[in-house]
Amino acid sequence: MTGRIAVGDRVEDFALADETGTVRRLTGLLADGPVVLFFYPAALSPGCTAEACHFRDLAAEFAAAGARPVGISGDTVDKQQEFAGRHGLGMPLLCDTDGTVRERFGVRRGFSPVPTKRVTFVIAQDRTVLEIVRSELRMNSHADRALAALRAHRG
């Protein structure tokens, strides 16, 4: 399934290495509750750092909603590890180095040095998309709107 994913769609399972080199499956990440999968253009860049740190700062709220944020970009394991360590992110950062998952979720940018769009998917345990947040410039809106969707879903 490629192209644009919409709210209500079921996403396919996938497996990618995280910042420690451990291969993580989406179904495994969903075992304990919903996942907030946030695609970002580049680890350590200012916008992506602001976005990821906002997710980190709301960790208790996400835990209270029974969900976990998971970052994903085209960066290498080493770069994701540096990103996580430098900012104490404390969440899995997946390495979509070949762009397969980015393509499947329809968040590939055209010819650009940063091939991944900034888009967040709130995914329920059955792999149904509950919410999609698309904003290139409002970094905090991703975590804020994802939390609102999770609370609405639980309510």
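This passage describes the fold, the aromatic pairs and selected residues of a predicted model.

The chain contains six helices and seven strands. Read from the N terminus, its elements follow the order β-β-α-β-α-α-β-α-β-α-β-β-α. The chain thus opens with two strands and ends with a helix. The radius of gyration is 14 Å, which agrees with the value near 15 Å expected for a compact globule of 155 residues. Along the principal axes, the C-alpha atoms fill a box of roughly 40 × 35 × 30 Å. Of the 155 residues, 49% count as buried. Contacts between residues at least 6 apart in sequence were also examined, and 65% of them join residues at least 24 apart.

The surface exposed by the chain amounts to about 7000 Å², and carbon and sulfur atoms supply 51% of this area. The chain carries 20 positive and 19 negative charges, and the mean positions of the two sets lie 4 Å apart.

Eight aromatic pairs are present in the structure. One of them is formed by Phe 14 and Phe 105, whose rings meet edge-to-face, with 6.1 Å from centre to centre and 85 degrees between the planes. This pair links distant parts of the chain, as the two residues are 91 residues apart. Phe 14 belongs to the segment before strand E1 (15-17), whereas Phe 105 sits in the loop between helix H5 (100-104) and strand E6 (119-123). Both Phe 14 and Phe 105 are buried.

Phe 39 and Phe 121 make up another edge-to-face pair, with a centre-to-centre distance of 5.8 Å and an angle of 80 degrees between the planes. Phe 39 is part of strand E3 (residues 35-39) and Phe 121 is part of strand E6, so this pair ties together parts that are 82 residues apart in sequence. Phe 39 counts as buried because its relative accessibility is 1%, and Phe 121 counts as buried because its value is 0%. In addition, ring pairs join Phe 38, Tyr 40, Phe 55, Phe 62 and Phe 83 into a cluster.

Phe 83 of this cluster is also touched by Thr 49. Thr 49 lies in helix H2 and has a relative accessibility of 12%, so this residue counts as buried. Leaving aside residues up to four places away in sequence, Thr 49 touches Leu 44 and His 87 as well as Phe 83.

Helix H6 spans residues 139-154, and its buried residues are Met 139, Ser 141, His 142, Ala 143, Ala 146, Leu 147, Ala 149 and Leu 150. Several of these positions can be read against the geometry of a helix. An α-helix has 3.6 residues a turn, so residues three or four places apart point the same way. The cover over the buried residues of H6 includes strands E3, E6 and E7 (129-134), together with helices H2 (46-57) and H3 (59-64).

Arg 25 is located in strand E2 (residues 23-25). With a relative accessibility of 44%, Arg 25 counts as partly exposed, because the value falls between the limits of 20% and 50%. Apart from residues up to four places away in sequence, Arg 25 touches Asp 13, Phe 14 and Ala 15. Phe 14 is thus in contact with Arg 25 and is also paired with Phe 105. Arg 25 and Cys 53 are separated by 28 residues in sequence and by 23 Å in space, taken from C-alpha to C-alpha.

Terms used
Residues numbered from 1 in each chain as written. Predicted model: local features only at pLDDT ≥ 70, side-chain atom pairs only at ≥ 80, totals over all residues. Heavy atoms only, no water. Phe/Tyr/Trp six-rings, centres within 6.5 Å; stacked < 30°, edge-to-face > 60°. Helix = DSSP H or I, 4+ residues; strand = E, 2+ residues; numbered from the N terminus. Buried < 20%, exposed > 50% of the residue type's maximum accessible area, 1.4 Å probe, protein only. Rg over C-alpha atoms; globule rule 2.2 N^0.38 Å. Contact = heavy atoms within 4.5 Å. Areas by Shrake-Rupley, 256 points an atom, 1.4 Å probe, with all protein chains shown as cover. Lys, Arg positive; Asp, Glu negative; His and termini not counted. Charge placed at Lys NZ, Arg CZ, Asp CG, Glu CD.
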